[in-house]
Amino acid sequence: DDIYKIVSSNMFFPVFITGQSGNGKTMSVEQACAKAKRKFVCVSMTPDTDESDLLGNYVLINGQMEWRDGPVTVAARQGAVLCIDEIDYGSQNLSCLQRVLEGKPFLLKKKNELVVPASGFTIVATANTKGKGSEDGRYMFTNVLNEAFLERFLNTFEQEFPPVAVEKKIIKKELDSMNASDDDFADKLVTWADVIRKTYAEGGVDELISTRRLVHITKTFAIDRKSTRLNSSHGYI
């Protein structure tokens with residue numbers, strides 16, 4: 001609901017969403033944009049992502065060097081919602097984004113063009129950490145982000161896994177979409193994941209079951225059920 005209010009306001013309001021892997025951080029932004037009918041541009045960071053990947057670069061096309069905007073510039077020109085996914089996987093030098101995160105015009109140095117963000121442009125960053133790295137080793141290769149960089153986000157949201165009732169609704173809809181409806185299976189699956197998460201919080205286990213993993217399990221369940229029905233129809237056991 002908070003993200004929906006932000007993206008539907010058409011205001012520049014950069015926010016940082018942190019939380020465990022697979023709990024729907026990026027999906028929540030995408031769905032909020034769909035509901036608000038806002039254009040959504042997403043870029044996934046890697047340790048090799050640099051300024052050219054984000055802002056744009058000259059590329060060789062049919063023997064000619066042509067400029068191609070990067071996702072940040074595309075979103076700024078179109079007044080879109082830019083989602084920087086896994087921002088803590090990016091290189092430690094993200095200074096090219098500092099002007100962008102202030103909502104101010106930014107310079108494309110390679111072509112000497114000043115880009116003025118269109119109305120409605122805003123940024124949402126997602127990460128598994130809070131920009132402080134991963135001390136327990138769960139999220140290897142994440143970086144410690146500069147404090148001055150993090151301060152450019154107006155709010156930080158710590159996203160938890162969905163409540164049991166919501167997660168059951170998600171899993172049941174996934175099963176319905178694959179013609180494999182089974183409310184009892186969905187209820188037991190979500191209850192199982194919830195017990196594991198509570199045990200994890202108490203230090204009883206080292207691993208979590210994410211919402212993404214539950215969706216993967218439902219797809220496996222649906223394929224297995226479909227295969228069983230197909231074999232049965234052909235007289236196989």
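**Working through Leu82, salt bridges and rings**

Skip the neighbours within four places in sequence, and Leu82 is in contact (heavy atoms within 4.5 Å) with Val41, Val43, Pro71, Val72, Ala75, Phe121, Thr122, Ile123 and Val124. A quick word on ground rules: this is a predicted model, where local features need pLDDT of at least 70 and side-chain atom pairs pLDDT 80 or more, while totals for chains, interfaces and linings use all residues. Residues are numbered from 1 along each chain as its sequence is written, and side-chain values use heavy atoms, with hydrogens and water left out.

**Exercise 1.** Place Leu82 and work out whether it is buried or exposed.

*Step 1.* Find the element: Leu82 sits in strand 5. Helices (H or I, at least four residues) and strands (E, at least two) are DSSP runs, numbered from the N terminus.

*Step 2.* Check the cover. Leu82 has a relative accessible area of 0%, so call it buried. The scale runs like this: buried is under 20% relative accessible area, exposed over 50%, partly exposed in between (1.4 Å probe, protein chains only).

*Step 3.* Look across to Val72, 10 residues away along the chain: the two C-alpha atoms are 6.8 Å apart.

*Step 4.* Val72 belongs to helix 4 (residues 71-78), where Pro71, Thr73, Ala75 and Ala76 are buried along with it. Among the elements covering the buried residues of that helix are strand 2 (40-44), strand 4 (64-69) and strand 5 (81-85). Just past the end of helix 4, Gly79 has a positive phi of about 65°.

**Exercise 2.** Which parts of the chain does the Arg77–Glu113 pair tie together?

*Step 1.* Start with the atoms: the Arg77 and Glu113 side chains make a salt bridge at 3.0 Å, N to O. The test is a side-chain nitrogen of Lys or Arg within 4 Å of a carboxyl oxygen of Asp or Glu.

*Step 2.* Arg77 comes from helix 4 and Glu113 from strand 7, so this pair ties together parts 36 residues apart in sequence. Arg77 is partly exposed at 35%, and Glu113 is partly exposed too, at 22%.

*Step 3.* Now try a pair inside one helix. Asp184 and Lys188 meet at 3.2 Å, N to O. They're four residues apart in helix 7, so about one helical turn separates them. Asp184 is partly exposed at 45%, but Lys188 counts as exposed at 55%.

*Step 4.* Back to Arg77 for the wider picture: shared partners join Asp69, Arg77, Lys111 and Glu113 into one salt-bridge network. Over the whole structure, the search finds 12 salt bridges.

**Exercise 3.** Sort out the rings: is the Phe149–Phe153 pair stacked or edge-to-face?

*Step 1.* Get the rule straight. Rings of Phe, Tyr and Trp (its six-membered ring) pair if their centres lie within 6.5 Å; planes under 30 degrees apart are stacked, over 60 edge-to-face and the rest tilted.

*Step 2.* Count: that gives five aromatic pairs. Phe149 and Phe153 are edge-to-face, at 5.9 Å centre to centre with 80° between the planes. Both of these residues are buried.

*Step 3.* Compare Phe185 and Phe221, which are stacked at 3.9 Å and 10°. Phe185 lies in helix 7 (residues 183-201) and Phe221 in helix 8 (residues 211-233), so they tie together parts 36 residues apart in sequence.

*Step 4.* Finish with the cluster: Phe16, Phe149 and Phe153 form one aromatic group.
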